[in-house]
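Got your viewer open? Load the model and follow along, one selection at a time.

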Amino acid sequence: MSSAFQASLEGGLARITQGQPLEVAYGSQVTLRNVFGKPVPCWLHSHQNTYPMIYENGRGSSHQQQVTCYPFKDVNNWWIVKDPGRHQLVVNSPPRPVRHGDIVQLVHGMTTRLLNTHDVAAPLSPHSQEVSCYIDYNISMPAQNLWRLDIVNRESSTEVWKTILSEVRFVHVNTSAILKLSGAHLPDWGFRQLEVVGEKLSPGYHESMVWNVEEHRYGRSQEQKERELELHSPTQMDLSRNLSFMARFSELQAQIHLLGNIVIWASASLATVVYVLLLCWYLLRRRRSICDLPEDSWLRWVLAGALCAGGWAVNYLPFFLMEKTLFLYHYLPALTFQILLLPVVLQHISDHLCRSQLQRSLFSALVVAWYSCACHVFNTLRPLTYGDKSLSPGELRALRWKESWDILIRKHQ
């Protein structure tokens with residue numbers, strides 16, 4: 001869930017953000033959460049380790065300090081918003097707020113190195129620029145650490161940068177690249193954290209380029225030792241009134257896994273195949289003047305196929321033939337027609353293919369068993385589908401049937 005949603009609820013993030021300053025100022029200490037949150041929610045992060053001199057594919061790097069996106073709360077997620085024209089890393093009195101269009105530097109709190117990007121290929125995304133924290137190796141590679149703040153959801157041209165509420169982009173002054181989460185997992189040298197890159201300015205908008213301040217405090221210590229103690233201490237803006245009920249409701253519905261029931265949709269697909277095979281069989285026999293069904297039953301069978309199988313084909317095949325990514329809304333209408341066809345096929349088998357009472361009894365028992373399986377799967381996966389029950393990490397792992405399921409299992413300390 002977004003920072004704004006979490007901060008509007010009692011407990012959890014609200015306990016952390018309560019009492020935070022609303023307006024980000026020069027000297028503010030902030031954590032920056034990527035709005036996109038794919039494959040998992042993460043925060044802009046750096047640490048002492050540097051990029052390898054040479055990557056596995058033979059490409060070279062700048063050997064600067066790594067910048068990543070880290071999926072867990074950590075002291076290395078803290079950054080200080082610095083005025084490029086001043087050396088101060090503390091907030092003045094009164095605070096001087098940062099506004100849309102301002103040029104800022106982002107200083108990594110624990111290492112005091114500045115966020116930087118340059119014309120060096122990123123580790124896993126060679127079409128994008130490497131993002132690092134600048135180290136002066138005195139090798140004719142100057143610092144390029146100026147960023148323009150772009151508030152994408154502002155209401156005026158002079159909007160102030162706000163904690164949690166403002167969604168911002170950082171546009172690199174020298175190269176016009178935008179700070180972006182690529183989503184790729186770095187190798188072991190990057191501790192499997194997520195790659196952050198500089199993406200050249202393009203006309204399109206993407207949430208992976210947008211960040212928001214989640215935790216925020218006004219920096220008060222100019223000395224590094226005192227500042228590190230400050231960063232290690234927990235933060236203490238109640239935003240519940242700033243996020244409407246409808247905004248929270250719509251976000252919550254978007255986050256529920258629309259998983260479906262594997263027994264239902266697999267059976268519906270099988271029913272479509274059975275219908276097509278039976279229809280072809282009946283048509284071949286009718287060509288030889290063998291009518292297996294009474295005329296009224298045959299007309300109902302053909303009408304059901306025209307409506308259900310035809311509806312499935314019209315809704316599914318055009319998208320299947322396209323060379324594009326298919327989303328949920330492409331499948332749902334087709335699946336609806338398949339599910340409508342399922343009871344038609346079951347009724348037909350019971351009425352016309354089960355010749356004896358014993359066969360009908362056995363078939364009825366199979367239908368009951370099938371329905372029980374569908375109910376069991378529904379009940380097992382309903383915490384994922386409806387979010388109506390709290391699960392432990394072990395219970396969540398047990399529900400992850402496929403590696404591709406991106407169920408986020410948080411670590412609790």
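Start with the whole chain in cartoon. This is a predicted model, and its protein chain carries nine helices and 12 strands. Of the 413 residues in the chain, 42% are buried. Switch on a surface and you're looking at about 22600 Å² of exposed area, with carbon and sulfur atoms supplying 58% of it.

**Stop one: the annotated segments**

Next, select residues 262-284, 298-321, 327-349 and 361-381. UniProt, in an unreviewed entry, gives each of these the feature "transmembrane region". Zoom in on 298-321 to begin with: that stretch is 96% helix and 0% strand, and its end C-alpha atoms sit 32 Å apart. Now jump to 327-349, where the chain is again 96% helix with 0% strand. Put a distance label between the end C-alpha atoms of 327-349 and you should get 33 Å.

**Stop two: Thr272**

Stay with the helices and pick Thr272, which belongs to helix α5, spanning residues 262-287. Is Thr272 buried or exposed? Its relative accessible area is 7%, so Thr272 counts as buried. To see what surrounds it, show the side chains of Trp312, Gln338 and Leu341: Thr272 touches these three once residues up to four places away in sequence are set aside. Two of the annotated segments come back into view here, since Trp312 is a contact of Thr272 and the record's list includes 298-321 and 327-349.

**Stop three: Lys162**

Now move to the loop between β8 (147-151) and β9 (168-172), and click on Lys162. A lysine in a loop might tempt you to guess, so check the number: Lys162 has 19% relative accessibility and therefore counts as buried, the cut-off being under 20%. Which residues does Lys162 contact, leaving aside neighbours within four places in sequence? Show Leu22 and Val24, and you have them. While you're here, add Asn212: 50 residues separate it from Lys162 in sequence, yet their C-alpha atoms are 8.6 Å apart.

**Last stop: the largest cavity**

Finish with some empty space. Rolling a probe the size of a water molecule over the atoms reveals where such space is left. The largest cavity has a volume of about 60 Å³. To find it, select Tyr26, Gly27, Asp83, Arg86, Gln88, Val90, Asn92 and Arg96, the residues that line it. Color the selection by class and you'll get a mix: two nonpolar, three polar and three charged residues.

Note on methods
Residues are numbered from 1 along each chain as its sequence is written. This is a predicted model: local features need pLDDT of at least 70, side-chain atom pairs count only at pLDDT 80 or more; totals for chains, interfaces and linings use all residues. Side-chain values use heavy atoms; hydrogens and water are left out. Helices (H or I, at least four residues) and strands (E, at least two) are DSSP runs, numbered from the N terminus. Buried means under 20% relative accessible area, exposed over 50%, partly exposed in between (1.4 Å probe, protein chains only). Accessible areas come from the Shrake-Rupley method with a 1.4 Å probe; for residues, only the protein chains shown count as cover. On a 1 Å grid over the protein atoms alone, a cavity is a set of points where a 1.4 Å probe fits but cannot get out, and a pocket is an open set with protein on both sides within 12 Å along at least five of seven lines; lining residues have an atom within 4 Å of a point. Grid points are joined across faces, edges and corners, and a volume is the space filled by probe spheres set on the points. Ala, Val, Leu, Ile, Met, Phe, Trp, Tyr, Cys and Pro count as nonpolar, Asp, Glu, Lys and Arg as charged, and the others, Gly among them, as polar. Contact means heavy atoms within 4.5 Å. UniProt positions are given in the numbering used here, feature names are shortened, and annotations may be inferred rather than shown by experiment.
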